[in-house]
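Biologist: Please choose one part of this model and take me through it closely, first along the backbone and then out to the side chains. I would like one connected account, with the geometry stated carefully.

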Amino acid sequence: MSSLLEALLQNPRVAVFAPVDDHALSPGSERWERFFGGVRADNVDVMAIMPIVGVMHERDLRKNPSYMTYHGTMRDRAAIEEGALRLRAWLHADGPNYGRFVVLSGGPLMPIWSRAIAKTPAALRTTLIPVRPKTVRNANSVSGLPGLESDTVRVRLINAIGKGA
């Protein structure tokens with residue numbers, strides 16, 4: 001009985017998704033660690049949205065950095081469609097384990113998310129946090145979600161996952 005009560009009182013699991021299209025923003029990179037360092041928690045899983053692969057947990061990408069070499073920079077339509085299919089399968093299989101999805105929204109890989117989630121129950125549990133290049137001075141010199149470092153993006157993410165400001 002107490003385990004049921006404990007389960008009901010726990011914070012719901014949250015999956016945070018970031019589109020990853022190059023090494024500049026990938027698990028283990030300086031930018032990734034600086035941004036997600038204070039976001040991780042027992043109930044928060046940080047995931048990468050990638051072409052072909054669909055979705056991969058950051059801990060798995062750290063163990064297999066070759067995924068970035070072979071899949072991370074592909075932007076062709078077939079790679080994005082395959083990624084969307086695999087992400088939709090993940091949402092069907094593992095999505096029910098999460099109470100909420102938070103997506104850092106921006107970049108050329110967002111069609112993977114939008115095609116995968118269209119007309120699914122997961123769409124109702126999704127919060128999109130826009131990441132816009134105009135929020136940084138030299139956006140053209142930053143690849144992999146330029147604008148991620150803005151204080152607004154970070155505060156919105158922290159509030160969306162329920163950690164408060």
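Modeller: A crossover is called right-handed if, when the strands point away from the viewer, the path that leaves the first strand, passes over the helix and reaches the second strand runs clockwise. What follows concerns a predicted model, and in this model the term applies to β1, helix α2 (residues 30-36) and β2, which together make a right-handed β-α-β unit. I shall take that unit, and strand β2 in particular, as the part to examine, and then work outwards.

The strands of a sheet pair through backbone hydrogen bonds, and this pairing may be parallel or antiparallel. In the unit itself, β1 and β2 run parallel and are joined by 6 bridges, with Val14 standing opposite Val44 in β2. Val14 also stands opposite Arg100 in β4, for β1 has a parallel pairing with strand β4 (residues 100-105) as well, through 4 bridges. Strand β2, for its part, pairs with strand β3 (residues 54-57) in the antiparallel sense over 4 bridges, where Met50 is found opposite Gly54 in β3.

The hairpin of β2 and β3 has 3 residues between its strands. Ile52 lies in that loop and has a positive phi of about 65 degrees, although it is not a glycine. With a relative accessible area of 23%, Ile52 is classed as partly exposed, because the buried class is reserved for values under 20%.

These pairings belong to an open sheet of 5 strands in the order β3-β2-β1-β4-β5, in which the pairing is mixed. The edge strands are β3 and β5, each of which pairs on one side only, and the twist averages 25 degrees from one strand to the next. Two helices that lie across the sheet take in both β1 and β2. Helix α5 lies across β1, β2, β3 and β4, and runs at about 60 degrees to β3, while α6 lies across β1, β2, β4 and β5, and runs at about 145 degrees to β4.

How many residues of strand β2 are buried? The count is 7 of the 7 residues of β2 (residues 44-50), and the strand is therefore largely enclosed by the rest of the structure. The burial holds for both directions in which the side chains point: Val44, Val46, Ala48 and Met50 point one way from β2, Asp45, Met47 and Ile49 point the other way, and all are buried. It may be worth noticing that Asp45 is included in that buried set.

The loop between β1 and α2 belongs to the connection within the unit, and Ser29 has its place there. Ser29 is buried, at a relative accessible area of 12%, and, once its neighbours within four places in sequence are set aside, Ser29 is in contact with His23 and Ala24. In the crossover helix, which spans residues 30-36, there is also the ring of Phe35, over which the charged end of Arg154 sits, 5.5 Å from the ring centre.

On the β1 side of the account, the side chain to follow is Phe17, which is buried at 0% relative accessibility. A pair of aromatic rings is described by the distance of the centres and the angle of the planes. The count of such pairs comes to 9, and one of them is Phe17 with Trp90, an edge-to-face pair at 5.7 Å centre to centre and 85 degrees between the planes. Since Phe17 lies in strand β1 (residues 14-19) and Trp90 in helix α5 (residues 77-93), the pair ties together parts that are 73 residues apart in sequence. Trp90 is itself buried, with a relative accessible area of 14%, and it forms a tilted pair with Tyr98, at 5.7 Å centre to centre and 35 degrees between the planes. Tyr98 counts as buried too, at 9% relative accessibility. Phe17, Trp90 and Tyr98 are members of one aromatic cluster, which also includes Phe101 and Trp113.

Conventions. Residues are numbered from 1 along each chain as its sequence is written. This is a predicted model: local features need pLDDT of at least 70, side-chain atom pairs count only at pLDDT 80 or more; totals for chains, interfaces and linings use all residues. Side-chain values use heavy atoms; hydrogens and water are left out. Rings of Phe, Tyr and Trp (its six-membered ring) pair if their centres lie within 6.5 Å; planes under 30 degrees apart count as stacked, over 60 as edge-to-face and the rest as tilted. Buried means under 20% relative accessible area, exposed over 50%, partly exposed in between (1.4 Å probe, protein chains only). A charge sits over a ring if NZ of Lys or CZ of Arg is within 6 Å of the ring centre and within 35 degrees of the ring normal. Two strands pair if DSSP finds at least two bridges between them. Axes are lines fitted to C-alpha atoms, for helices over the stretch in contact, and angles run from 0 to 180 degrees between N-to-C directions. Contact means heavy atoms within 4.5 Å.
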